[in-house]
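Work through the two exercises below with the sequence and the structure open beside you, and try each task before you read its solution.

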Amino acid sequence: MTSPHHVPVIENLAAISDRYDVLFCDIWGVLHNGVRENAPAGAALEQFRKRGGRVVLVTNAPVPDVQVARILDKKFVRRASWDAIVSSGDVTRAQLIERGGEGAYHIGPDRDLSLFHDLPVDRAPIERASVAVVTGLIHEEREQAEDYRAVLERLKARRLTLICANPDRVVHVGDHLVPCAGVVADLYEEMAGKVIWAGKPYAPIYEMALNKACELSGAADKSRILMIGDSVRTDLAGANQFGVDALFVSRGVHRDHFGDEGDVSATTTALLADAGARAIGAMPALR
């Protein structure tokens with residue numbers, strides 16, 4: 001990977017795609033904006049697949065891969081742009097099976113209940129639960145992490161581990177920025193509670209994605225894998241730690257750092273240097 005001292009701007013995916021056999025690609029902020037598909041991104045991934053490449057979508061969505069596919073359909077994301085999906089919900093389900101013997105206390109909206117579908121783990125009240133899981137804020141449009149302090153105090157009193165099913169802190173929904181489960185998990189850690197982080201930037205989701213890539217192509221060399229993402233803290237940091245190249249999409253979650261004009265390379269270089277992250281290059285948007 002190139003040093004964060006200089007991050008070049010890459011014009012399009014075709015300029016670098018011959019270096020890679022597999023793409024790990026973030027969804028929210030890259031493939032769609034929370035409302036509908038970013039059409040040039042979908043087209044770029046579709047063309048990569050037509051040339052023989054494989055695309056594994058790697059997302060911090062706190063629901064199983066099957067549910068993520070349904071969500072993508074609703075946002076008009078073309079099915080031809082991806083081969084497989086790995087979600088933080090998939091990683092969370094494995095953790096719930098391992099730790100949720102007496103039941104799991106759930107913090108999050110009802111839309112995330114597919115996380116528990118067909119699991120041998122029931123949702124349970126705090127008094128009976130053996131683990132807790134946060135998938136998001138119940139009323140994300142008007143709540144902050146502090147609204148959950150009282151609940152977290154009850155979890156801590158029982159010494160329950162909290163599984164964070166979405167390590168993202170914020171996400172854009174169209175033009176609005178809303179908090180994610182990561183801010184609740186941050187608060188629990190500040191309160192000295194134990195947190196298990198499912199999803200990016202942690203290794204288990206990348207291992208799962210690598211296994212998917214191997215299932216698709218028989219083998220996958222890390223030197224021929226590229227992670228495409230818009231989050232320095234999750235996508236890029238996770239790729240760096242896992243040992244695969246990373247491509248930064250600047251007009252995603254960090255888009256407020258970039259003006260309408262300006263030097264994308266210089267701003268990206270500074271942003272990545274502050275975070276200690278590395279990337280082979282940057283694109284304003286995947287195309």
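**Exercise 1.** Describe the open sheet of six strands by giving the order of its strands, and then explain why some strands have one side left without a neighbour.

*Solution.* Begin with the order, which in this predicted model reads β3-β2-β1-β10-β11-β12, with parallel pairing. Next, look at the edges, where β3 (84-87) and β12 (281-283) stand, each with a single partner strand, so one side of each is left without a neighbour in the sheet. From one strand to the next, the twist averages 25°. Then follow β12 to strand β11 (residues 245-249), which runs parallel to β12 and is joined to it by three bridges; one pair of bridge partners is Val249 and Met283, the latter in β12. Finally, add helix α1 (residues 39-50), which lies across β1 (22-25) and β2 (54-59) and runs at about 140° to β2.

**Exercise 2.** Locate Asp168, and decide what its surroundings offer to its side chain.

*Solution.* First find Asp168 in the loop that links β6 (162-164) with β7 (170-173). Asp168 is buried, and the nearest side chain of opposite charge, that of Lys200, is 6.1 Å away. Because a salt bridge requires the two charged groups to be within 4 Å, Asp168 has none. Now turn to polar contacts, where the side chain of Asp168 meets the side chain of Asn60 at 3.0 Å. Leaving aside residues up to four places away in sequence, Asp168 touches Asn60, Cys180, Ala181, Gly182, Val183 and Thr234.

Conventions:
Residues numbered from 1 in each chain as written. Predicted model: local features only at pLDDT ≥ 70, side-chain atom pairs only at ≥ 80, totals over all residues. Heavy atoms only, no water. Helix = DSSP H or I, 4+ residues; strand = E, 2+ residues; numbered from the N terminus. Buried < 20%, exposed > 50% of the residue type's maximum accessible area, 1.4 Å probe, protein only. Lys, Arg positive; Asp, Glu negative; His and termini not counted. Polar contact = N/O pair within 3.5 Å; in protein donor to acceptor, adjacent residues only side chain to side chain. Contact = heavy atoms within 4.5 Å. Pairing = 2+ DSSP bridges. Axes fitted to C-alpha atoms, helices over the stretch in contact; angles between N-to-C directions.
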